[in-house]
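Visitor: I am new to this structure and would love a close look at one part of it. Could you walk me through the salt bridges, taking your time over how they connect?

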Amino acid sequence: QVQLVESGGGLVQAGEPLRLSCAASGRTFSSYSMGWFRQAPGKEREFVAAIRWTGGIFYNADYADSVKGRFTISRDNAKNTVYLQMNSLKPDDTADYYCAATQRRIVEYKSSYSYDYWGQGTQVTVSS
């Protein structure tokens, strides 16, 4: 069982940065693929970014088109933490952001069904 705890959400103005963190429990964090999803009011949960374990010490990062070039996902395995650095935030980025994890080798990394563990979410509000 893996527990995920997000932090770092808040209220920012458009154009400002924000960094989300997701702390994970467990001793095999380095072999987990991690994802960030978001859900805006009245909308379905959508993929934001993923950092997938591909074996050994290698990872691949993937992004939704809407955040590519603005958001960066990274991880610190020594701290069991994954980050989402969000730059040039827009009002459309306003949502609850969720961290997700799986130890399975996933292909459909954009699908929420690929992940087995979820955090409780952290709210991000971007004002115009």
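Guide: Gladly! Let us begin with Arg38, which pairs with Asp93 in a salt bridge whose closest N and O atoms are 2.9 Å apart. These two residues come from distant parts of the chain, 55 residues apart: Arg38 belongs to strand β4 (residues 33–39), while Asp93 sits in the loop between β8 (81–86) and β9 (95–102). Both Arg38 and Asp93 are buried. Please keep in mind as we go that this is a predicted model.

Now stay with Asp93, because its relative accessible area is just 2%, which puts it among the buried residues, the cut-off being under 20%. Asp93 also forms a salt bridge with Arg70, at 2.7 Å from N to O. Arg70 lies in the loop between β6 (58–63) and β7 (71–76) and Asp93 in the loop between β8 and β9, so this pair ties together parts that are 23 residues apart in sequence. Arg70 has a relative accessibility of 11%, so it counts as buried too.

If we step back a little, these pairs belong to a network: salt bridges link Arg38, Glu46, Arg70 and Asp93. As a general point, side chains of opposite charge can pair when their charged atoms come close.

For another example, look at Arg104 and Asp116, which form a salt bridge with their closest N and O atoms 3.0 Å apart. Both residues are in the loop between β9 and β10 (117–118), twelve residues apart. Arg104 is partly exposed, with a relative accessible area of 41%, and Asp116 is partly exposed as well, at 39% relative accessibility. Altogether the structure holds six salt bridges.

Finally, it helps to see some of the nonpolar surroundings. The largest nonpolar core has 38 residues, and those touching the most other members are Leu4, Met34, Trp36, Val82, Leu84, Met86 and Tyr97. Strand β4, the home of Arg38, is one of the strands that each supply at least two residues of this core; others include β7, β8 and β9. Take Val82 as a sample: leaving aside neighbours within four places in sequence, Val82 is in contact with residues including Leu20, Phe29, Met34, Trp36, Ile51, Ile73 and Cys99. In soluble globular proteins, nonpolar side chains tend to be buried together.

Definitions and conventions
Residues are numbered from 1 along each chain as its sequence is written. This is a predicted model: local features need pLDDT of at least 70, side-chain atom pairs count only at pLDDT 80 or more; totals for chains, interfaces and linings use all residues. Side-chain values use heavy atoms; hydrogens and water are left out. A salt bridge is a side-chain nitrogen of Lys or Arg within 4 Å of a carboxyl oxygen of Asp or Glu. Helices (H or I, at least four residues) and strands (E, at least two) are DSSP runs, numbered from the N terminus. Buried means under 20% relative accessible area, exposed over 50%, partly exposed in between (1.4 Å probe, protein chains only). A nonpolar core is a set of buried Ala, Val, Leu, Ile, Met, Phe, Trp, Tyr and Cys residues joined through side-chain atoms within 4.5 Å. Contact means heavy atoms within 4.5 Å.
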